[in-house]
Amino acid sequence: MEKNLLLEIINLHVEFTTEEGVVHAVKGINLQLFRGETLGIVGESGSGKSVSFLSVMQLIESPPGKIAEGKIIFHPESGKPVDLLALSEKEIQQYRGNDVAMIFQEPMTSLNPVYRCGFQVDEAILLHRGVSKEVAKAQTLELFEKVQLPDPERIYKSFPHQLSGGQKQRVMIAMAMSCNPEILIADEPTTALDVTVQKKILALMGDLKKELNASIIFITHDLGVIAEIADRVAVMYRGLIVEKGKVEDIFMQPQHPYTKSLLACRPPMDYRLNQLPVVADFMDISTDKNGEEMMIEKAASIQDIDRIQKITKEDSLKRIAELTKQAPLLEVKNLSCWFTTKKDFLGRPKAYVKAVDNVSFNVYPGETLGLVGESGCGKTTLGRVILRLLPARSGEVFYRGKDLMLLEKQEMMALRKKIQIIFQDPYASLNPRMTIGQAIMEPMTVHRIYNTPSERRTWVLDLLEKVGLKANHFNRYPHEFSGGQRQRICIARALALKPEFIICDESVSALDVSVQAQVLNLLLDLRESFQLSYIFISHDLSVVKFMSDRMLVMNQGKIVERGASDDIYHHPKNVYTQNLISAIPQAKNFVR
């Protein structure tokens with residue numbers, strides 16, 4: 001295997017200086033990448049996986065970051081091995097893009113919004129290849145065809161905001177491949193994409209790897225994706241590699257409790273659980289007498305966790321029958337929402353996009369109704385029209401018998417405390433200038449929940465405890481929390497008004513699978529504690545199936561399939577639903 005060695009990471013240490021002291025983000029990792037293979041790097045946010053491979057290209061911002069120790073040896077196909085960390089800024093630029101290229105998680109922030117997509121790929125080719133502008137354009141259009149972008153000429157002239165998420169990611173892949181690099185580092189390139197688009201991107205990367213004889217380092221928190229694309233896997237936790245090996249060995253015989261927990265915490269598709277396992281079920285972190293961290297195994301498999309129980313299909317159907325005996329809490333009748341796409345010279349609408357097209361359904365007290373579909377299918381628009389955050393074109397929405405579409409603004413405001421929404425992005429949902437205590441108390445003040453600030457504060461402190469946070473978090477700001485903690489804060493804010501009905505709009509899609517499991521468990525617990533009803537919106541069918549009693553599948557503004565969640569998964573009737581299910585990464589979870 002030595003003759004095929006392409007990259008060696010030797011005793012890499014990376015640290016960041018903060019106001020609270022030095023954070024050791026990467027703690028002496030050792031890894032090898034071989035020519036023609038895909039190496040999967042898996043772990044939660046903060047595990048050090050992205051930092052490790054930003055170091056390969058010397059992209060650690062200094063200060064506050066610093067590569068404290070280690071070597072990264074690149075073995076080019078022709079020429080002598082070179083330590084990438086020993087190169088000057090000018091020297092490393094010869095390797096970036098040419099020999100080692102990177103695809104980042106969020107293409108919208110990786111592409112310059114003021115330049116056309118074609119120009120941005122041209123720029124990379126011109127910089128490294130030294131060809132004419134005409135040749136660069138021809139090569140860019142050829143790359144756009146290779147990454148299966150529709151109408152390459154149109155994409156070439158388009159700005160990033162004019163493309164879908166999947167199209168932007170394909171442009172990023174084209175840019176990364178433009179100089180035929182030997183190593184492609186893909187940092188969470190499919191996390192924000194629908195499962196169907198994700199499947200196409202993974203297939204595309206596999207095809208390009210073979211065609212260019214490249215090696216891929218694929219960074220993700222999702223072991224399901226790793227199972228589909230990787231040859232070998234390294235599992236990172238708290239800056240350490242806790243386990244590595246062939247992909248089949250890691251999945252069939254995981255040795256480390258953290259690996260076992262990552263495999264177990266994704267919702268299973270073949271059966272239903274009352275709760276999801278979390279990392280804390282499998283391991284505890286303690287310190288020894290020298291102050292060093294120790295990982296203590298608590299459970300060897302999911303069968304050892306007492307609180308986790310399987311729910312039979314009969315139990316699920318019995319629950320649905322009981323729920324649907326009640327009068328509906330929410331009735332949506334023939335609801336439509338259209339957006340104008342073209343106007344005539346007088347400004348009158350000529351063409352529309354039917355974002356929500358004649359949709360009808362009911363939600364019952366205590367029920368979780370799942371709403372699933374790809375980006376652009378209309379599910380988020382539907383949720384916002386129900387809450388009158390967007391105007392309806394036609395239709396009726398009855399909440400406890402009142403038609404929300406006919407209520408005056410003041411009446412709707414009064415009812416809003418009963419109907420809340422949890423948005424997808426906890427970063428954008430919180431004001432960075434307000435402490436979380438202020439953020440949670442603000443809607444209580446507006447809606448006059450409790451009479452005094454002291455009473456409101458007491459209720460907020462109680463809510464923080466209920467969502468798994470601490471009372472001393474009250475005076476902290478959003479930037480001081482992780483993504484999972486921010487989402488818990490948003491959940492606490494939604495609960496502050498003591499609602500009956502909550503729309504969860506992609507509220508876990510941005511979270512690691514381990515944090516996602518904690519938040520999903522929390523939402524189920526809160527549903528029982530507060531007698532809540534949910535509409536749970538997601539593009540991830542496995543999450544919707546775990547959370548929901550019944551499910552609606554939405555495509556191009558219409559509901560194309562509806563029924564019990566288990567029935568839809570096991571016996572999908574619509575071709576679109578079948579495609580959604582087949583696109584889910586099938587990580588066989590042998591530890592279950």
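Start with the largest cavity, which holds about 260 Å³ of space; a cavity here is a set of points on a 1 Å grid over the protein atoms alone where a 1.4 Å probe fits but cannot get out, and its volume is the space filled by probe spheres set on the points, with grid points joined across faces, edges and corners. The model is predicted, so local features need pLDDT of at least 70 and side-chain atom pairs count only at pLDDT 80 or more, while totals for chains, interfaces and linings use all residues. Residues are numbered from 1 along each chain as its sequence is written, and side-chain values use heavy atoms, with hydrogens and water left out.

Select Thr191, His221, Asp222, Arg266 and Asp540, which lie nearest the centre of the largest cavity among the 22 residues that line it, a lining residue having an atom within 4 Å of a point. Helix H8 (195–212) and H20 are the elements that give two or more residues to this lining; helices (H or I, at least four residues) and strands (E, at least two) are DSSP runs, numbered from the N terminus. By class, the lining has eight nonpolar, nine polar and five charged residues, where Ala, Val, Leu, Ile, Met, Phe, Trp, Tyr, Cys and Pro count as nonpolar, Asp, Glu, Lys and Arg as charged, and the others, Gly among them, as polar.

Next, select strand S8 (residues 215–220), where six of the six residues are buried (under 20% relative accessible area, with exposed over 50% and partly exposed in between, for a 1.4 Å probe and protein chains only), so S8 is largely enclosed by the rest of the structure. Ser215, Ile217 and Ile219 point one way from S8, and Ile216, Phe218 and Thr220 point the other way. Add strand S3 (residues 38–42), which runs parallel to S8 and is joined to it by five bridges, and strand S7 (residues 183–187), which pairs with S8 in the parallel sense over five bridges; pairing requires that DSSP finds at least two bridges between two strands. Isoleucine 217 stands opposite leucine 39 and is also the bridge partner of isoleucine 185.

From S3, move into the loop between S3 and helix H1 (49–56) and pick serine 45, which is exposed, with a relative accessible area of 58%. The C-alpha atom of serine 45 is separated by 9.4 Å from that of arginine 238, 193 residues apart along the chain.

Finish at helix H19 (residues 483–495), where 11 of the 13 residues are buried, so H19 is largely enclosed by the rest of the structure. Among these buried residues are Arg486, Cys490 and Leu495.

Key: On a 1 Å grid over the protein atoms alone, a cavity is a set of points where a 1.4 Å probe fits but cannot get out, and a pocket is an open set with protein on both sides within 12 Å along at least five of seven lines; lining residues have an atom within 4 Å of a point.
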